[in-house]
Amino acid sequence: MPTKFKAADARRYSRLVVDGVKQAPSRAMLRAVGFADADFEKSQVGIASTWSNLTPCNMHIDELARLAAAGAEAAGAKAITFNTITVSDGISMGTPGMRYSLVSREVIADSIETVVGAQGFDGVVAIGGCDKNMPGCLMALARLDRPAVFVYGGTIRPGTDRRDIVSVFEAVGGVAQGTVSERQLNFVERTSIPGPGSCSGMYTANTMASAIEALGMSLPNSSAQEAVSEHKRGDCTRAGAAVVGLIERGILPSQIMTRRAFENAITVVIALGGSTNAVLHLMAIASSANVKLGLDDFTRIGKRVPVLADLRPSGRYSMSELVAVGGIQPLMKTLLDAGLLHGDCLTVTGASLAENLRGVAPYADGQHIVRPLSDPIKKDSHLVILYGNLAPEGAVAKITGKEGLRFHGKARVFNSEEQSLQGILSGKVRSNDVVVIRYEGPKGGPGMREMLSPTAAIMGKGLGQTVALITDGRFSGGSHGFVVGHVSPEAALGGPLALVKTGDAITIDAQRREITLHVAAAELKRRRQSWTAPKAYARRGALAKYARQVSSASLGAVTDLPQAPPRAAKS
């Protein structure tokens, strides 16, 4: 890792690449891509763009990257834009391709780290617009620990009749139930995604954008802007200028992404009713930042932080509607005034969180999207960490209270997402079932697929109040209902989920934070003796490498945990 940054040296990294006689070949190469003599005396800012026209989340980020570059150059730096990958969860959901989703987070982090490290940029602006490229960007910025700002690509505008991508998934379940015609499904399909931007509810993209702003790594209000708006364009230009200021002042991500800053991020995610993926991603970012953060921190913080925002999927409103009433800044000011945020945390503005929020006005009277602290949707967190004989290392539930706080039912076991979806749509899943989807964990999937198709099908079939679902996979931020994911240890490693049989009784108790399989220990021991691990899905390539390297979901499913130093050879 880099040594301590010296504020007086704004070209600490780029000078190693371009200064002196021996670097003439480097300068020759850079002249070909547009460098003039004066540019070699400027600090260099890398603009990490996740542009791609394969998904609406990222289709506009090329323009945003140009604006960020212009902002950096207007502030006196030389900007260089480069790309990294993105994949679309919404497109690959329910298919084998979804296995690459969480894998892409690691590829993005590795690729940004690789380019910035190789090219010697003095600072970075990273622009992300979809679920995995946002935490991937932050993981890279934490590893590099050089001045950096993150920019969110912005939320999509709602479709016809306030629909979004989850409306389409749930309409598929409605077709199976007979409550939605194929003609109606076609209309929903054609009118739900009107243009650029990330999915419109408090799903994973908007959740992570809000968490990153609370963490201090994006400019104020960056998380609450529509993708197609002058506000977002201005945000990008300001971010380019801001990173130059950070370079000049020597402010590093390690000074911003502290443990107290992560606690702020968790607090805001809870107040917004955000995605369970925030648990996985915040632990992964913290790991990259060398900050100790675990599942029990979410429980500790969640005991005192209420859910205040009535946002989709479990609530009524879209992110665009939250933007219209002021975004998340008034919410953060409310939390700060109540002593629920650490106001002294440094941010990319160069000021503290409290200083950034000093002039923020409260929400106007008459809005119903964000409740007051005196009238919360839920008095404590909806992100419930469960333990028990089914999840000795923990599991993550999303319980808003609308689903109830306790569920007892009989297991209906499926060994893959595809099998579960077929079972739900064909009528095999019935009221009082606990759908068990296993072998979908980080190693077993591999890739820990999101179970939006099964959860949406359950909702579409009208079973949302009478069926629970547990898995060692993940959930989309668009999933809702009585759902439990991240069950650890995962089934592919012989975790207890591998031993469940259809008909076994299971209890999920959100108040006691327990998940229990009602099978005697002796019977589980007998089942374990006959259990065999499934064959690996892939033997070569990205999925195979990921499966070999990835940690448990209870540790953030990261692929670069510190290795123990080798033991000295015996003499």
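How many of the 9 residues of helix H19 (residues 452-460) are buried? The count is 8 of the 9, so helix H19 is largely enclosed by the rest of the structure. The structure is a predicted model, and the points below take up helix H19, a parallel sheet, a strand hairpin, several loops and some backbone features.

**Helix H19 and its surroundings**

- The residues of H19 that count as buried are Leu 452, Ser 453, Pro 454, Thr 455, Ala 456, Ala 457, Ile 458 and Gly 460.
- These buried residues pack against two helices, helix H7 (165-177) and helix H18 (417-426), and also against strand S8 (433-437), strand S9 (468-471) and strand S10 (482-488).
- Just after H19 comes Gly 462, whose phi is positive at about 80 degrees.
- In the loop between S8 and H19 lies Met 448, a residue other than glycine that nevertheless has a positive phi, near 55 degrees.
- Met 448 has a relative accessible area of 0%, under the 20% cut-off, and therefore counts as buried.

**The parallel sheet**

- An open sheet is formed by 4 strands in the order S2-S1-S3-S4, and the pairing within it is parallel.
- Strand S2 (78-83) and S4 are the edge strands, each of which pairs on one side only, and the twist from one strand to the next averages 20 degrees.
- Within this sheet, strand S1 (residues 44-49) and strand S3 (residues 123-128) are joined in the parallel sense over 5 bridges, with Val 45 standing opposite Gly 123 in S3.
- Helix H10 (230-249) lies across S1, S3 and S4, and runs at about 170 degrees to S4.

**The loop before strand S1**

- Ser 43 is found in the loop between helix H2 (24-32) and S1, and because its relative accessibility of 9% is under 20%, it counts as buried.
- Although Ser 43 and Arg 11 are 32 residues apart in sequence, they are 5.0 Å apart in space when taken from C-alpha to C-alpha.
- Not counting residues up to four places away in sequence, Ser 43 touches Ala 10, Arg 11, Ser 14, Ala 77, Lys 78, Asp 122 and Ile 247.

**The loop between H9 and H10**

- Ser 218 is located in the loop between helix H9 (204-215) and helix H10 (230-249), and it is buried, with a relative accessible area of 4%.
- The side chain of Ser 218 reaches the backbone nitrogen of Glu 213 at 3.5 Å.
- Leaving aside neighbours within four places in sequence, the contacts of Ser 218 are with Phe 150, Ile 212, Glu 213 and Val 348.

**The hairpin of S11 and S12**

- Strand S11 (residues 505-509) and S12 run antiparallel and are joined by 4 bridges, and Asp 509 stands opposite Glu 514 in S12.
- The two strands S11 and S12 form a hairpin with 4 residues between them, and in the turn Arg 513 has a positive phi of about 60 degrees.
- The side chains along strand S12 (residues 514-517) alternate, in that Ile 515 and Leu 517 point to one face and are buried, whereas Glu 514 and Thr 516 point to the other face and are not buried.

**Backbone features in loops**

- Most residues other than glycine have a negative phi, and most peptide bonds are trans.
- Against that background, Asp 145 has a positive phi, near 50 degrees, in a residue other than glycine.
- Asp 145 is found in the loop between helix H6 (133-144) and strand S4 (148-152), and it is buried, with a relative accessible area of 13%.
- The peptide bond from Arg 312 to Pro 313 is cis, with omega near 15 degrees, and Pro 313 has its place in the loop between helix H14 (295-302) and helix H15 (319-324).
- Ser 488 and Pro 489 are likewise joined by a cis peptide bond, here with omega of about 0 degrees, and Pro 489 lies in the loop between S10 and S11.

Methods:
Residues are numbered from 1 along each chain as its sequence is written. This is a predicted model: local features need pLDDT of at least 70, side-chain atom pairs count only at pLDDT 80 or more; totals for chains, interfaces and linings use all residues. Side-chain values use heavy atoms; hydrogens and water are left out. Buried means under 20% relative accessible area, exposed over 50%, partly exposed in between (1.4 Å probe, protein chains only). A polar contact is a pair of N or O atoms within 3.5 Å; within protein, one must be able to donate a hydrogen and the other to accept it, and residues adjacent in sequence count only if both atoms are side-chain atoms. Contact means heavy atoms within 4.5 Å. Two strands pair if DSSP finds at least two bridges between them. Axes are lines fitted to C-alpha atoms, for helices over the stretch in contact, and angles run from 0 to 180 degrees between N-to-C directions.
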